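Colleague: Got a minute to walk me through this one? I'd like to ask a few quick things while we look at it.

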Amino acid sequence: MSLPTISLESLVSTKSFDKLLTIAKSAGCASSSCGSSAKPDEMDSAVWEKIKDHPCYSEEAHHYFARMHVAVAPACNIQCNYCNRKYDCANESRPGVVSEKLTPDQARRKVIAVANEVPQLSVLGIAGPGDACYDWKKTKATFERVAREIRDIKLCISTNGLALPDRVAELADMNVDHVTITINMVDPEIGAKIYPWIFYNHRRYTGIDAARILHKRQMLGLEMLTARGILTKINSVMIPGVNGEHLIEVNKWVKERGAFLHNVMPLISDPAHGTHFGLTGQRGPTALELKTLQDRLEGGVKLMRHCRQCRADAVGLLGEDRGQEFTIDQISDDITYDASKRKAYREVVARERGDHVAAKSQAVATVKATGSSKSLHIAVATKGGGRINEHFGHTTEFQVYEASQRGISFIGHRKVEQYCLGGRGADATLEGVIAALKGVDIVLCVKIGDCPKDQLAEAGIRAVDAYGYDYIETAISALYASEFGSEPLAATA
C-alpha cells in the first residue's frame, strides 16, 4: 500500500493536527517504529537517540527539525580576528550577530513562544553572541528555566573551549548531550595569527602564549566531554593562507580525542563587518576550495556539510531564520507552553522520514546498479522535508548533491539572491545565481521559466522541473540512470 505524500507546508500550516495524526497512524506506523527505521545500520542506538532529531548533528534530521539560539551570553574571553559581535544586524546571517540580547527569563518566554508556533523545534542552543561557558550564570539559568517547562527539548551550547573544562560536570548534570567547540588550530604559531588575545585566570595573554593556553584547554575540554559520553561537534573556520592546510592536522587531533563531527566552515570576510580579517583584506575560500579540503578530510572525523553558519539568535530550519517573528516585544509576559503542535508534527514526521529513508535506499541502489564511474552534481531548490518543493526563482539557497558509484551524498549548499520578486526576474540577479551554481550539472526545482532555463543552459547547466515534490534522492537516481544508461528501480513517492 503506497503512503500518501505529505508536503512540509501541510505539516506546519494545517489547523487540524488531529487529522495529521490520523494520516500518520493510518499508514500503520507509530513514531517509535518509523524513528528507528531511519537509523543508519552502523550507528549505535544510544547515539542515534541523541542525534535523530538534532538538525546540526544529523544531516537526515535537518530536513525536518529546527533549532533556535537565544542570545543570553554576550561576554567573551577571547578575541578572534574573524569576529565582531555587533547588535541590531537583522539582515546579516553569520555567527556572533544578534538583534537583541535577552535575560534568562526573556529567553524562557521566547523559547515557549517559538515552541508553540514552530512545531519543528527540537533544539535550544546558546551560541553567544559571546561565549556560553564564560558567561556561564546566564547560560545555566536559561537552560534550567526552559528545561522545567519543555522537558523534551535538546540543550546544546557552542563554545571556544577556553572555559569549557570548568563547566563539563555541570553540563552533564543538566543532561546537555551536545557541545560544539570552535577549534581552528593545534599549532600555537598558527593560533597567534587567528587570536590576538585571550582572558584566562584574571589575566590577558597575547600571541603564542595565548594560543598555547587556548589549545591546551580546548583539548582538555574535548577529552572530558568524550569521557562523559557527551557528543562533540568541532567547528573550524577555513582561512586560506592561514590554516587551510593545517585543518587536516586539526581533524586528526580531534578524532583521536573522540569528536563526533567536524564542521569546516568558510571564513566570512567583508570590510563592512568590521572584523580584523575583513579590514585587512583576508579572503575567504571559494566553494571549490572548501569542498576540496572537505574531500581530503574524508576518512577522519565524520564531516558536517550542511552547516549554515547561523546567527546567535537564529530560529527555524537550517537555511531559514524566523527570528524577527519572535522579538521579545511581541511575546506576552504570561505565555504558557502548549505541546500539541510539536507532538502532532513529530507523529507525522516519524512516518514521513521512515518512508524517505526507504526511498533513499532504493535510489542509492539505482545509482550503484548503473556501474558507471561518472559523477553528477545536482543543485536542488527545496524548502525542506527532503523533497523538491521550491520554484527556481523563489529560492535563496540550493542544496547540492553528488551522485556517483559511491551513492548519493549531500555535499553542501549555495546561497543566492532571490531571482524572482513580484513576478519578474532581474538579469543581474540571475547572473549571480548562475555564478553561484558553478560546477553544477543539473538544477532540480518545482518550476522554472523559459528565460532562466535558457540562460542556465548557455552556462552548461540543465534545469529540470519534471520531479516536483518527489524525494530528492529519488529524482537524482532517475536522472543518473537515464544519463548513464540504466533503468531506474521502482521507488516510493
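Colleague: In which sense do strand 11 and strand 16 pair?

Modeller: Parallel, over three bridges, with strand 11 covering residues 376-381 and strand 16 covering residues 442-444. Keep in mind that this is a predicted model.

Colleague: Which residue of strand 16 is the bridge partner of A379?

Modeller: That's V443.

Colleague: And what's the strand order in the open sheet?

Modeller: The order is 13-12-11-16-17, so five strands with mixed pairing. As background, strands in a sheet pair through backbone hydrogen bonds, and they can run parallel or antiparallel.

Colleague: Which strands stand at the edges?

Modeller: Strand 13 (407-415) and strand 17 (462-464). Each has a single partner strand, so one side of each has no neighbour in the sheet.

Colleague: How many degrees does the twist average from one strand to the next?

Modeller: It averages 25 degrees.

Colleague: OK, switching to helices. How do helix 5 and helix 6 cross, in degrees?

Modeller: At roughly 40 degrees, and their axes come within 9 Å. Helix 5 is residues 104-117 and helix 6 is residues 136-149.

Colleague: Is that crossing left-handed or right-handed?

Modeller: Right-handed.

Colleague: Which residues make the contact?

Modeller: From helix 5 you have P104, D105, A107, R108, V111 and I112. Helix 6 brings K138, A141, T142, R145, V146 and E149.

Colleague: How do those divide into nonpolar, polar and charged?

Modeller: Six are nonpolar, one is polar and five are charged.

Colleague: New topic: where is K302 found?

Modeller: K302 sits in the loop between helix 12 (287-296) and strand 10 (315-316).

Colleague: What does K302 touch, leaving out residues up to four places away in sequence?

Modeller: F260, L261 and H262. Take L261: K302 is 41 residues from it in sequence, yet their C-alpha atoms are 5.0 Å apart in space.

Colleague: Now the whole chain. How many helices and strands are there?

Modeller: The protein chain has 16 helices and 17 strands.

Colleague: And what percentage of the residues is buried?

Modeller: 56% of the 493 residues.

Colleague: What about contacts between residues 24 or more positions apart?

Modeller: They account for 72% of the chain's contacts that have a separation of 6 or more.

Colleague: Last one: how much area does the chain expose?

Modeller: About 20800 Å², and carbon and sulfur atoms supply 49% of that.

Key:
Residues numbered from 1 in each chain as written. Predicted model: local features only at pLDDT ≥ 70, side-chain atom pairs only at ≥ 80, totals over all residues. Heavy atoms only, no water. Pairing = 2+ DSSP bridges. Helix = DSSP H or I, 4+ residues; strand = E, 2+ residues; numbered from the N terminus. Axes fitted to C-alpha atoms, helices over the stretch in contact; angles between N-to-C directions. Buried < 20%, exposed > 50% of the residue type's maximum accessible area, 1.4 Å probe, protein only. Contact = heavy atoms within 4.5 Å. Areas by Shrake-Rupley, 256 points an atom, 1.4 Å probe, with all protein chains shown as cover. Left-handed = near helix turned anticlockwise from the far one by under 90°. Nonpolar A, V, L, I, M, F, W, Y, C, P; charged D, E, K, R; others polar.
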